[in-house]
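Got your viewer open and a selection box ready? Here is a short tour, one stop at a time.

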Amino acid sequence: DFDHGSSQIEESMHEQLNNLITALENRPALQLEIQGAVDPEKDSMALRRIQFDNLLKAQKLKEMAQKNLDAVPLAQIKIEPDEFITYLKKAYAASDITKPRDDAGKIKKLPVAEMEKLLFTRIDISDKDLRRLAQKRAAGVKSYIKKSKKIDPHRIFMLGPDSLADRKNKEKHKSRVNFFLK
């Protein structure tokens with residue numbers, strides 16, 4: 001299983017994948033189909049959280065650029081707890097969210113929790129985003145297997161992600177990849 005919102009193969013998955021590679025190595029006639037899967041509810045929330053965090057990180061990166069500091073990838077930027085409110089306010093101000101106004105027409109000063117809620121709920125995670133995550137998971141597993149150089153890549157196939165239509169089926173929708181041997 002993958003962490004929600006992630007397609008990164010964790011070290012804890014290596015043993016299971018290596019066992020699969022050994023099984024395929026011992027049965028050269030078998031072909032492997034890999035299908036990425038998502039938990040629509042939990043992966044959506046995790047992707048929304050990642051995008052929210054990236055809004056704040058983008059503000060910190062912008063500030064770093066204004067100070068002529070070296071640019072770093074967004075993934076390497078950390079928002080410390082004492083910086084959270086500063087970058088939340090900047091992200092809120094920079095957003096195109098319609099800001100609540102007072103009777104005089106001035107933008108209201110909102111509590112931190114309300115700004116966070118408005119930014120967070122504005123982030124839309126679509127079925128396309130979830131399918132992309134499922135595909136990235138499958139592609140990552142395929143790449144891991146190919147890197148072993150023990151299995152002919154022509155024996156490994158990626159399937160499209162499973163339908164997201166049946167969202168209530170908890171067993172069907174998990175943050176994982178499914179394997180089918182043929």
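Two strands count as paired if DSSP finds at least two bridges between them. Helices (H or I, at least four residues) and strands (E, at least two) are DSSP runs, numbered from the N terminus. One bit of housekeeping: this is a predicted model, where local features need pLDDT of at least 70, side-chain atom pairs count only at pLDDT 80 or more, and totals for chains, interfaces and linings use all residues. Residues are numbered from 1 along each chain as its sequence is written, and side-chain values use heavy atoms, with hydrogens and water left out.

**Stop 1: the sheet.** Select residues 32–37, which are strand 1, and add strand 2: the two run parallel and are joined by four bridges. Pick glutamine 35 and look across to strand 2, where leucine 159 is its bridge partner. Now bring in the rest: three strands make an open sheet in the order 2-1-3, with mixed pairing. Strand 2 (156–159) and strand 3 (176–181) are the edges, each pairing on one side only. From one strand to the next, the twist averages 25°. In general, strands of a sheet pair through backbone hydrogen bonds, either parallel or antiparallel.

**Stop 2: the helix across the sheet.** Show helix 5, which lies across strands 1, 2 and 3, with contact meaning heavy atoms within 4.5 Å. Helix 5 runs at about 145° to strand 1; axes are lines fitted to C-alpha atoms (for helices, over the stretch in contact), and angles run from 0 to 180 degrees between N-to-C directions.

**Stop 3: helix 2 against helix 5.** Add helix 2, whose axis is 10 Å from that of helix 5, at an angle of about 95°. That makes the pair roughly perpendicular (65 to 115 degrees; under 35 is roughly parallel, over 145 roughly antiparallel, the rest oblique). To see the contact, select Pro40, Asp43, Ser44 and Leu47 in helix 2 with Asp129, Leu130, Leu133 and Arg137 in helix 5.

**Stop 4: helix 2 against helix 3.** Which residues of helix 2 meet helix 3? Select Phe52, Leu55, Leu56, Gln59, Lys60 and Glu63; facing them in helix 3 are Phe84, Tyr87, Leu88, Lys90, Ala91 and Ala94. The angle here is about 95°, with the axes 9 Å apart, so these two helices are roughly perpendicular as well.

**Stop 5: the cores.** Stay on leucine 56, which touches Ile79, Phe84, Tyr87, Leu88 and Ala91, leaving aside residues up to four places away in sequence. A nonpolar core is a set of buried Ala, Val, Leu, Ile, Met, Phe, Trp, Tyr and Cys residues joined through side-chain atoms within 4.5 Å. Buried means under 20% relative accessible area, exposed over 50%, partly exposed in between (1.4 Å probe, protein chains only). The largest such core has 18 residues, and Phe52, Leu56, Leu88 and Leu119 have the most contacts inside it. Helix 2 (40–66), helix 3 (84–94), helix 4 (112–122) and helix 5 (127–147) each supply at least two of its residues. Helix 3 gives the largest share, four residues. Apart from this core lies another, of 16 residues, including Leu20, Val141, Ile145 and Val177.

**Stop 6: two backbone oddities.** Most residues other than glycine have a negative phi. Asparagine 68, in the loop between helix 2 and helix 3, has a positive phi near 60° and is exposed at 70% relative accessibility. Lysine 149, in the loop between helix 5 and strand 2, has a positive phi of about 60° and is exposed at 75%.
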